[in-house]
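Visitor: I'd like to learn how to read a few features off a model. Could you put it up and walk me through them?

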Amino acid sequence: MARATSHPDRYSADAAGLGRARASAFTAPALLLIAVFLVFPALWVLYLGLTNYRLTGIQAANPEVVGAENFLTALTNGEFWNSTWLTFQFVLGSAVIGQAVLGFAIAWLLRDRTGPLKRIVEGLVILAWILPSAVVSFLWVALLDRDGGTLNTLLGIPGFGWLLEYPMASIIVFNTWRGTAFSMMLYGAALGNVPPSHLESARLAGASGWQQLRDVVFPHIRGHILTNLLLISLWTFNDFTPFMLTAGGPDGKSEILAVHVYKEAILGGNLGVGAAVSTVILLINLAVAVFYLRLLRRRG
Amino acid sequence: MRFRTISATAVLALSVAACGQSSSGGDGGGTIELSITLNAIAGGKNAKSAAYIQNWVIPKFEAAQKAKGKDVKVKFIPSGVDDEQYKTKLSLDLKSGKGADVMDIDGIWAGEFAEAGYIKPLSEVVGPEADSWEGWSQIPDAVQGLATYNGKKVGLPYGTDGRVLYFNKTLMAKAGLPEDWQPKSWQEILDAGGKLKAAGVPVPIQINAGTAMGEATSMQGVLPLLAGAGGEIQSGGKWSGASQPLKDALGLYQKIYSQGLGDPKLQQEAKGRDKSFAQFAEGKIGILMEGDYFWRGVVNPTDGVAKMAERDKVVGYAMIPAMDAGKGIRGQDFVSMSGGSIRAINPGSENPKEAFELLAFTLSPEGLKEETKGNTRITPRTDVNKEILAGDPLLTFISEKVLPVTAYRPPVAVYPQVSAALQEATAAVVGGTAPDAAAAEYQKKLEGLVGGAGNVAS
């Protein structure tokens, strides 16, 4: 859409023939919803970030504008930077490496297959994706529990606290398992668009498997890869589900930013500071999005 | 993409603005609709309280109102979560002008709720009948204090409680300790822990620590220890910083958790307190510091969350000793901490008078006697306590021995934040930080919370 409007000379400015007034009327409900549920809350968060608003106490009744104090508090707080670093690990580990690589690997290995094996593998991967978070978290807690966990029983090491000893690794593996389906399906569809004749020519020219991937497949699906990375990076960045496994613990060792905001704002009651951190998260999200979109533009 | 980006951050604002249940509905057709909420749910947390409201209070109250010619419908809104989450839910409801007409809140939240305008003096919301309630004359001053903020009554007290040391008599016997064990100093607790350990008990001592257990770490952990070392979290208008009593209390944590007398991992687990209940019931924990809720609601053989069929035979209890005889607050040999819930009226209630009648009905002598049938607790009313406590050895013990030496938390709005800082100090010590360093870190946080070093005594 952005491309269409940026080339008015090539596309008619009024393709549907509605005229400006009627087109506005058509889009008004959608724009209103976006304004009420997205733009207003985002602006409200910006405003809250400038106040000492709290969930309870005198500041709940009469919040005062404190300027940049919340931002300074948040940015000079070791916990914030710790959370940012953990979130970076979480995104890199579970989204960029875990989901994207595993999803591509599954899609690549299954590309030419048909029959029950493909259906079973895809079915299982997608099942992990579509189950409700609460159910999935409970299953993983049951799997990793220190005392009666399935994993410890299988390995014969009762009493080993996976979520306590390796909290970040646990939630990274969890999120990889949870979200691989999206990458798998997206890459599966993308691989279908690689012209078989190109692969055939490469094979005839003696290209190895890796060379075929690098020189034929990746250039064809570059846009898909970047779009996928953009989406899963942002989703993972804002993901709250790890809270249900570790609650950010032990002692903040898995307190990613989404959990940090929840603890600060809702459990700790510091809505002002929470809003300030949310604003910073919003900016980080925008930066990540701009980074990927620039890469994507370079395609042409 | 933009949707996800923005919506994640928008959740915060939305949840503040949009969460909550509908409050007392309209007055369609002359029916008065009331709602009552407590952190109790059938089949889960405080199941008996939920059953009492649902099966006794609501039908009886509706019938009594009908007899007076009023058509009143009461709805019970159950909840079965950790206290901190319950508090968050209530705050969000009240902030958005919703919430139940009658609600249970922990007495220690009264300050911050009152300052936020979430609860108001009863005389303002209800009228003079609140101050002339017949029950006040039956309620001891300390318990009335739980429901008082800035000299005004903001709710009716629901009861009080006390903390003791529970122990498993079977395990104690294995370790060669007496069935009527009563330590007189911290050293005797540590000695008993050592013997339990030698006898092969997996977790000799469990004293709550860390942030995951929330207020349970303060009330059943660091605050009784602080009192035992002669300290108070706040006294004479000043908060205590890195005082010697705090260092002593943290020092006991260090001794327990660095010498294998306790399980440091349990203090970090997201559901650590629930696990400590289960492990005590399974006979894996020797000594556990808990409130009377543990006896009534956890190891209760009929409906506890971690039932012990042989509770009355197996579970022993002792008073919490001061560090050494005479070293506790007010020079005491033994200490405890007490709190209690209050039941308040939502200032946004459309029918505050009827809501107060419902509230008073739940705390009437008949109501309390019915509620405590097979589920005894220390009610706010002396007249009722005299009748019901006799049948329960632990509650008699608490009301006769523990309540006279107990202490209360400061009823000020900033307390929960101070408490959280205290919990972080225990987490640090259990994680290996030296008590002095953890105490210094606590003082630093405390100064930020209470408005500067001028309000802190070290």
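Visitor: What follows H3(B), and what is the sign of its phi?

Guide: Helices are DSSP runs of H or I with at least four residues (strands: E, at least two), numbered from the N terminus. Right after H3(B) comes B:Gly97, with a positive phi near 75 degrees. Keep in mind that this is a predicted model, where local features need pLDDT of at least 70 and side-chain atom pairs 80 or more, while totals for chains, interfaces and linings use all residues. Residues count from 1 along each chain as its sequence is written, with chains lettered from A and ligands numbered from 1 in the order written.

Visitor: How many residues does chain B put in contact with chain A?

Guide: Contact means that two C-beta atoms, placed from the backbone, lie within 7 Å. Here 31 residues of chain B are in contact with 37 of chain A. On chain B's side, H1 (2–18), H3 and H4 (110–115) each supply at least two residues, and H1(B) gives the most, with 12.

Visitor: Why does A:Leu257 count as buried?

Guide: Count the other C-beta atoms, placed from the backbone, within 10 Å of a residue's own: 20 or more is buried, 12 or fewer exposed, in between partly exposed. A:Leu257 has 26 such neighbours inside 10 Å, so it counts as buried. A:Leu257 sits in helix H14 (residues 257–267) of chain A.

Visitor: Which residues is A:Leu257 in contact with, beyond four places in sequence?

Guide: They are A:Ser83, A:Thr84, A:Thr87 and A:Ile281. With A:Ser83, 174 residues apart along the chain, the C-alpha separation is 5.2 Å.
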